[in-house]
Every structure is written in structure tokens, then in C-alpha cells.
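Please open the model in your viewer and keep the sequence panel visible beside it. The tour proceeds from the whole chain to single selections.

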Amino acid sequence: MILQIIKLKSNLPEEQLLIKAKEREPQFKEIQGLLQKYYVKIGQSGQYGGIYIWESQESLNAYRESELAKSIPEAYEIIEAPNIEIMDILFQLRN
């Protein structure tokens with residue numbers, strides 16, 4: 001499994017960002033190989049993130065090439081390049 005952490009800065013007020021995220025939720029639920037996604041707020045104003053758990057590197061790569069992934073900067077009015085970290089999950093505590 002692959003853990004992907006994305007941190008971004010948005011021009012949107014939190015309420016609008018949440019509305020957009022909820023509107024796009026069904027599209028994310030349809031992604032093959034996306035086991036879980038957490039929407040997070042980072043301590044500083046306008047900073048948010050996504051924590052994704054992928055079945056495999058191949059599923060992450062396919063997502064990166066998708067129109068959904070490419071639409072994120074515009075949809076969330078990202079104002080600078082996001083910080084993206086990718087990690088291999090060695091094992092999990094619970095199933």
C-alpha cells in the first residue's frame with residue numbers, strides 16, 4: 001500500500017472549500033485502488049490537505065494522470081505548488 005500526503009494553500013474560505021470537496025466526493029469514491037481519503041485542515045489559515053491510501057503505486061499513477069487529479073488546483077483555487085509526500089506502508093495496526 002502507498003500513503004500519499006498532499007498539503008495545499010487555498011484562496012477559498014473553509015465553507016466553500018468543504019462544499020467543493022463534498023461535490024467531488026462521488027468522483028473520488030469511484031477511483032479504482034483508492035482505499036481511503038482523509039480531508040484535513042492544517043493549523044494555519046487557508047491550508048488544507050488530503051491523506052490518501054492507495055492499493056498500489058499503479059493505482060496512484062493512474063490517478064495522477066486522471067482529469068480529476070488535474071482539476072484539483074482550479075477546483076480548490078490553490079495559490080502555490082502543493083507539498084506532496086509519498087510513502088510505502090510497511091504494515092498496518094488494524095484491518
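A residue counts as buried when its relative accessible area is under 20%, as exposed when it is over 50%, and as partly exposed in between, with a 1.4 Å probe and protein chains only. By this standard, 34% of the 95 residues of the chain are buried.

Two remarks on the source are needed before the tour begins. The model is predicted, so local features need pLDDT of at least 70 and side-chain atom pairs count only at pLDDT 80 or more, whereas totals for chains, interfaces and linings use all residues. Residues are numbered from 1 along each chain as its sequence is written, and side-chain values use heavy atoms, with hydrogens and water left out.

**The whole chain**

Display the chain as a cartoon. Helices (H or I, at least four residues) and strands (E, at least two) are DSSP runs, numbered from the N terminus. The chain has four helices and four strands, and from the N terminus their order is β-α-β-β-α-α-α-β. The radius of gyration, taken over C-alpha atoms, is compared here with a globule rule of 2.2 Å times the number of residues to the power 0.38. The chain has a radius of gyration of 13 Å, close to the 12 Å that the rule gives for 95 residues, so it is as compact as a globular protein of that length. Its C-alpha trace spans about 35 × 25 × 25 Å along the principal axes.

Next, consider contacts, which means heavy atoms within 4.5 Å. Of the contacts between residues at least 6 apart in sequence, 69% join residues at least 24 apart.

Now switch to a surface view. Accessible areas come from the Shrake-Rupley method with a 1.4 Å probe, and for residues only the protein chains shown count as cover. The chain exposes about 6600 Å², of which carbon and sulfur atoms supply 52%.

**First selection: Met1**

Select Met1, in the segment before strand 1 (2-9). Is Met1 buried or exposed, or does it count as partly exposed? At 35% relative accessibility, Met1 counts as partly exposed. Leaving aside residues up to four places away in sequence, Met1 touches Leu35, Ile53, Trp54, Glu55, Met87, Asp88, Ile89 and Gln92. Measure from Met1 to Ile31, 30 residues apart along the chain: their C-alpha atoms are separated by 15 Å.

**Second selection: Leu8**

Move to Leu8, in strand 1. Leu8 is buried, with a relative accessible area of 13%. Which residues does Leu8 touch, not counting those up to four places away in sequence? They are Gly46, Gln47, Tyr48, Ile78 and Pro82. Leu8 and Gln47 are 39 residues apart in sequence, yet 5.7 Å apart in space, C-alpha to C-alpha.

**Third selection: Asn11 and Glu77**

Continue to Asn11, in the loop between strand 1 and helix 1. Asn11 is exposed, with a relative accessible area of 53%. Not counting residues up to four places away in sequence, Asn11 touches Tyr76, Glu77 and Ile79.

Add Glu77, which belongs to the loop between helix 4 and strand 4. Glu77 is partly exposed, with a relative accessible area of 37%. Examine its backbone as well: Glu77 has a positive phi of about 50° although it is not a glycine.

**Fourth selection: helix 2**

Finally, select residues 57-64, which form helix 2; Ser59, Leu60 and Tyr63 are buried there. Seen down the axis of helix 2, its buried residues fall within an arc of 100°, so they line one face of the helix. The arc is that of the directions from the helix axis to the C-beta atoms. On the other side of helix 2, Glu58 and Ala62 are exposed. The buried residues of helix 2 pack against several elements, including strand 1, helix 1 (14-29), strand 3 (47-54) and strand 4 (83-88).
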